[in-house]
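Q: Please take a close look at one part of this model and describe how its elements are arranged and packed. A connected account is preferred to a list.

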Amino acid sequence: PQNNQTASLGTQKTAAAGSGDDGLEKITVLLNKHPSSANLFADGEVRCLRKLGYDIALTALESTLDLGGDLNPESEATHSLRGRLRELAVHLRAAAKPLSFFTVVYWAIRLDGWLGLLRSRHVADVLALDRWMRRHGIRHLHAHFGTNSATVALLARSLGGPRYSFTVHGPEEFDAPLALSLRDKVEGAAFVVAISSFGRSQLCRWVAPSHWDKIKVVHCGIEPDRFPDPVPLPQGGPHLVAIGRFSAQKGFGLLVEAIAIAAPALPNLRLTLVGDGELRLQIKGLINKYGLGPRITLTGWQDETGVRKALDSAQALILPSFAEGLPMVLMEAMANGRPVIATAIAGVPELVNR
């Protein structure tokens, strides 16, 4: 498979096409933040769609860089909706169009409630996005994640904007389906993509059966050509590698404890942790607590070359997550000839057989 964005938009022309003859020639893909460690998959999706001839504009609610370096080749082409001067200009223009402003406010309150409206910047986001899409002739809006970006897509539609669709990755959407108004978002969409059968089952729970057909399963994928013949497994070990954000859902703290339990019986056991995040200090504390400094290496974020090098040096990839969508890192490891060890959660069993 190429990737989920290519399949989801490329196979849904009829559902998403406008009234003209050019189908999906002008699409914008909307992300919450970009570039971001959680959104690196967008690069491959945009590349593949452009190879298929689509005119893709990459848009983000917020421009950010949380990778410790620019690892994202698409970041230069990303249009960001936020910025103090831009938001001020949006509100000044809104004063001249009060009907549009109050339409967005009404829908924002319906989706987020009064407190959510006060906390969010969705009104400015939607007005800025609507103006930008009209200026560039955008025919279809596809949002990634059923969170803020899907909210903005629905609100833009309320202003008479283009049809929208969105991809639900999980697990965030499944943790708070009511608070995120998933029912309204699915019902208003031209189609919805779930990246696993598990994800589709969770979406079907919150909408009437009449909307089930619009929820499509399009598994994430990788570009096989980016993974030439893998190098042989190294000798010794066992040497494991884990790759991902240092967040609660990834379970890396549990993995450190498991290494501590296994270490006495496996004197050559080693683990490389590739990534970074808000739990870095906690993970380092656990490593120090169990005296695992000589066994566990923290590399920080790595670019594609660095990740490939870490996989080449390991004998297996381990994924100890408590919650997931459909982890592309598992596909990358297997494409690189490395066996994987993973928790049997969410979409993981659709990739890994026991």
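A: The account below starts from strand 5 and its neighbours and then turns to a separate sheet and the helices around that sheet.

The structure is a predicted model. Its protein chain contains 14 helices and 12 strands, and 52% of the 354 residues count as buried. Among contacts between residues at least 6 apart in sequence, 73% join residues at least 24 apart.

Strand 5 covers residues 163-168, and five of these six residues are buried, so the strand is largely enclosed by the rest of the structure. Strand 4 (residues 140-144) runs parallel to strand 5 and is joined to it by five bridges. Within that pairing, A143 stands opposite F166 of strand 5. Strand 5 also pairs with strand 6 (residues 191-194), again in the parallel sense, over four bridges. Here F166 stands opposite V192 of strand 6. F166 thus has a facing residue in strand 4, namely A143, and another in strand 6, namely V192.

The connection between strand 4 and strand 5 involves helix 7: strand 4, helix 7 and strand 5 make a right-handed β-α-β unit. Helix 7 (residues 148-158) is mostly covered, with eight of its 11 residues buried. These are S149, A150, T151, V152, A153, L154, L155 and A156. After the helix comes G160, which has a positive phi, near 90°.

The same region contributes to the largest nonpolar core. Of the 33 residues in this core, L129, F166, V192 and L203 touch the most other members. At least two core residues each come from strand 2 (55-63), helix 6 (122-136), strand 4, helix 7, strand 5, helix 9 (182-188), strand 6 and helix 10 (197-204). The surroundings of V192 can be given in detail: leaving aside residues up to four places away in sequence, V192 touches F166, V168, V186, L203, K214, I215 and K216. A second, separate core has 19 residues, among them A242, L273, I287 and L292. In general, nonpolar side chains of soluble globular proteins tend to be buried together.

Attention now passes to the other sheet. It is an open sheet of five strands in the order 10-9-8-11-12, with parallel pairing. Strand 10 and strand 12 (340-342) are the edge strands, each pairing on one side only. From one strand to the next, the twist averages 25°. At the edge formed by strand 12, strand 11 and strand 12 pair in the parallel sense over three bridges, and L319 has A342 of strand 12 as its bridge partner.

Several helices are placed against these strands. Helix 12 lies across strand 9 and strand 10 and runs at about 160° to strand 10. Helix 13 (residues 304-313) lies across strand 8, strand 9 and strand 11, and runs at about 150° to strand 8. In helix 11 (residues 252-262), the buried residues are F252, G253, L255, V256, I259 and A260. Seen down the axis of helix 11, these buried residues fall within an arc of 160°, so they line one face of the helix. An α-helix has 3.6 residues a turn, so residues three or four places apart point the same way. The buried residues of helix 11 pack against strand 8 (239-243), strand 9 (270-274), helix 12 (280-289), strand 10 (296-300) and strand 11 (316-319).

Notes:
Residues are numbered from 1 along each chain as its sequence is written. This is a predicted model: local features need pLDDT of at least 70, side-chain atom pairs count only at pLDDT 80 or more; totals for chains, interfaces and linings use all residues. Side-chain values use heavy atoms; hydrogens and water are left out. Buried means under 20% relative accessible area, exposed over 50%, partly exposed in between (1.4 Å probe, protein chains only). Two strands pair if DSSP finds at least two bridges between them. A crossover is right-handed if, with the strands pointing away from the viewer, the path from the first strand over the helix to the second runs clockwise. The arc is that of the directions from the helix axis to the C-beta atoms. Contact means heavy atoms within 4.5 Å. A nonpolar core is a set of buried Ala, Val, Leu, Ile, Met, Phe, Trp, Tyr and Cys residues joined through side-chain atoms within 4.5 Å. Axes are lines fitted to C-alpha atoms, for helices over the stretch in contact, and angles run from 0 to 180 degrees between N-to-C directions.
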